[in-house]
Each structure stands twice: as C-alpha cells, then as structure tokens.
Amino acid sequence: MFDEIFANLQEIQNEMVKMYKMQYEWGWFGKTKEESNLVLRGYVSTNSLTQKAIKKSQVRIMKDLLVNLRRNFQYVLVGLAMIGNGTTLFVDRNYFYWPPQYSDLMNDQRIDMLMCLTGIALVILAMRNFHKIKHSEMLTGLLLGLSAFLVMSMIIVEITHTVGAGEFRMSKTAVDDIILLMGIIYVRRTGRR
C-alpha cells in the first residue's frame, strides 16, 4: 500500500509546485513580491519542497492517520456498520414489505443513502484529529444521533415484520441492530476520541 503512495511521489511534488506557484501569484505568501519571495526562500532553506521532505511529510501523515484510526476505532466500527446496513438496504429494494401501504417509504433509497453518508462521515471524522475541529462535540453528537435514529427506525420496522408478518428472520437483524444501537449509545456516552 505504501509503495503505491510513494510511487506517485513525483506527481504529487509537481502538483505541489504548481500549487505554490498559484498561491504565490494570488499573494498568499505576502502582500508584496519581496515578502512572498522571503517566505518561499524560507521554505527552500528548510528543504520543505524537496522530494525527501515531501516523502517524510507523507509518512507522517500516514502515521497520524493510523494513530487516529486506532484512537477512534469505535467511531470507525459504527461508521462501517452504518455503511453496511445502508448498502444492503440500497441493493435490496423489497427488503421491507409489511405493512404493504408503507413499503415504498420503508424501502426509500434516500434513507439508505443517508445511512451510507452518515457512516462515511463517521469514518472520515475518525480518520481526522477531530477533537481539534471547531464544534466537534456538536458534529459527533449530530452524526451519532442521526445514526441512532436511523438504527432505531430499522429496529421498529424489523420488529413489526417479526410480529405482524410472522417473518422471524427479521428478529435476528433486529437483535443485531439493537447491539449496534447500544454501541452507538456507548460511543456517545464515553465520548472516546
């Protein structure tokens, strides 16, 4: 995996040089040309733009990513479970069928996509050092609350299938979703980040 990342190192370096040139032209390094040149000379004198420095930076980024994934592993698990549930329901268009008058609502693809997007957002949040992000408590609370609402809705629908339609295979998925809901509540209560 790392070999593929490092194989693209030259392309990344060229794009960074282009980016620095554009930022230089836009005046991001200083208001005057002299000030911008001094800032860029500082980058060059510290070897920040060399291939070795970029490679070192990429290794640091990958290590930080792995540390964040380990630290926020519970968020990753909840996110992957949400992605899995959303994808499964998105593919099976007739999973929920009882009561028949609500089957279109229960099998709505927008709800399935919302589950997937919530899971993706949780995984991305877990990859970042998100406790430094402004309003991270509100963001994590919103994502976990939305996850809990969607999972609770699934539990209710699965239990109605078990009781109302006599479809006992749904009771197993209801139990799985109850465990997922307990995991979401645990992650939110412990607030591990």
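Contact, in what follows, means heavy atoms within 4.5 Å. I start with that because several of my points are lists of contacts. The structure is a predicted model.

Take Val151 as the opening example. Setting aside neighbours within four places in sequence, Val151 is in contact with Met82, Asp177, Leu180, Leu181 and Ile184. Three of the residues just named, Val151, Met82 and Ile184, come up again in a moment.

Now the chain as a whole. The chain has nine helices and zero strands. Read along the sequence, the pattern is α-α-α-α-α-α-α-α-α. There are 193 residues, and 31% of them count as buried. The accessible surface is about 12700 Å², with 64% of that area belonging to carbon and sulfur atoms. As for how the chain meets itself, consider contacts between residues at least 6 apart in sequence: 68% of these join residues at least 24 apart.

Next, the core. In soluble globular proteins, nonpolar side chains tend to be buried together. Here the largest nonpolar core has 25 residues. The residues with the most contacts inside this core are Val78, Met82, Phe96, Leu144, Val151 and Ile184. Which helices supply at least two residues each? They are α5, residues 73–91, α7, residues 109–127, α8, residues 136–164, and α9, residues 169–190. Of the helices, α8 gives the most to this core, with eight residues.

On to the pockets. Rolling a probe the size of a water molecule over the atoms shows where empty space is left. The largest pocket holds about 280 Å³ of space. Its lining has 13 residues, and Leu105, Met106, Ile111, Ser153 and Val157 lie nearest the centre. At least two lining residues come from each of α6, residues 103–106, α7 and α8. Again α8 gives the most, here with five residues. By type, the lining of the largest pocket divides into eleven nonpolar residues, one polar and one charged.

The second largest pocket has about 180 Å³ of space. Its lining is made by Asn85, Thr88, Leu89, Tyr95, Met154, Glu158, Thr173, Asp176, Asp177 and Leu180. Two of these, Asp177 and Leu180, are also in contact with Val151. Helices α5, α8 and α9 each supply at least two residues of this lining. Which helix has the largest share here? That is α9, with four residues. The lining of the second largest pocket divides into four nonpolar residues, three polar and three charged.

I will finish with four single residues.

Asn107 sits in the loop between α6 and α7. Is Asn107 buried or exposed? Asn107 counts as buried, because its relative accessible area is 9% and the cut-off for buried is under 20%. Leaving out neighbours within four places in sequence, Asn107 is in contact with Asp92, Arg93, Asn94, Tyr95, Phe96 and Asp112. Two residues on that list have been named already: Tyr95 lines the second largest pocket, and Phe96 is among the residues with the most contacts inside the largest nonpolar core.

Glu167 is in another loop, the one between α8 and α9. Its relative accessible area is 22%, so Glu167 is partly exposed. With neighbours within four places in sequence left aside, Glu167 is in contact with Tyr97, His161 and Thr162. Glu167 and Trp98 are 69 residues apart in sequence, and their C-alpha atoms are 9.6 Å apart in space.

Met182 lies in helix α9. Its relative accessibility is 54%, and exposed means over 50%, so Met182 counts as exposed. From Met182 to Ala148 is 34 residues in sequence and 8.9 Å in space, C-alpha to C-alpha.

The last one is Lys55, in helix α4, residues 51–71. Lys55 is partly exposed, because its relative accessible area is 40%, and partly exposed lies between the 20% and 50% cut-offs. Ile12 is 43 residues from Lys55 along the chain, and the two C-alpha atoms are separated by 9.9 Å.

To go back to the point to remember: α8 gives the most both to the largest nonpolar core and to the lining of the largest pocket, while the largest share of the second largest pocket's lining comes from α9. That is the end of my part.

Definitions and conventions. Residues numbered from 1 in each chain as written. Predicted model: local features only at pLDDT ≥ 70, side-chain atom pairs only at ≥ 80, totals over all residues. Heavy atoms only, no water. Core = buried A, V, L, I, M, F, W, Y, C linked by side-chain atoms within 4.5 Å. Buried < 20%, exposed > 50% of the residue type's maximum accessible area, 1.4 Å probe, protein only. 1 Å grid on protein atoms, 1.4 Å probe; cavity = no way out; pocket = protein on both sides within 12 Å on 5 of 7 lines; lining within 4 Å. Points joined across faces, edges and corners; volume = space filled by probe spheres on them. Nonpolar A, V, L, I, M, F, W, Y, C, P; charged D, E, K, R; others polar. Areas by Shrake-Rupley, 256 points an atom, 1.4 Å probe, with all protein chains shown as cover.
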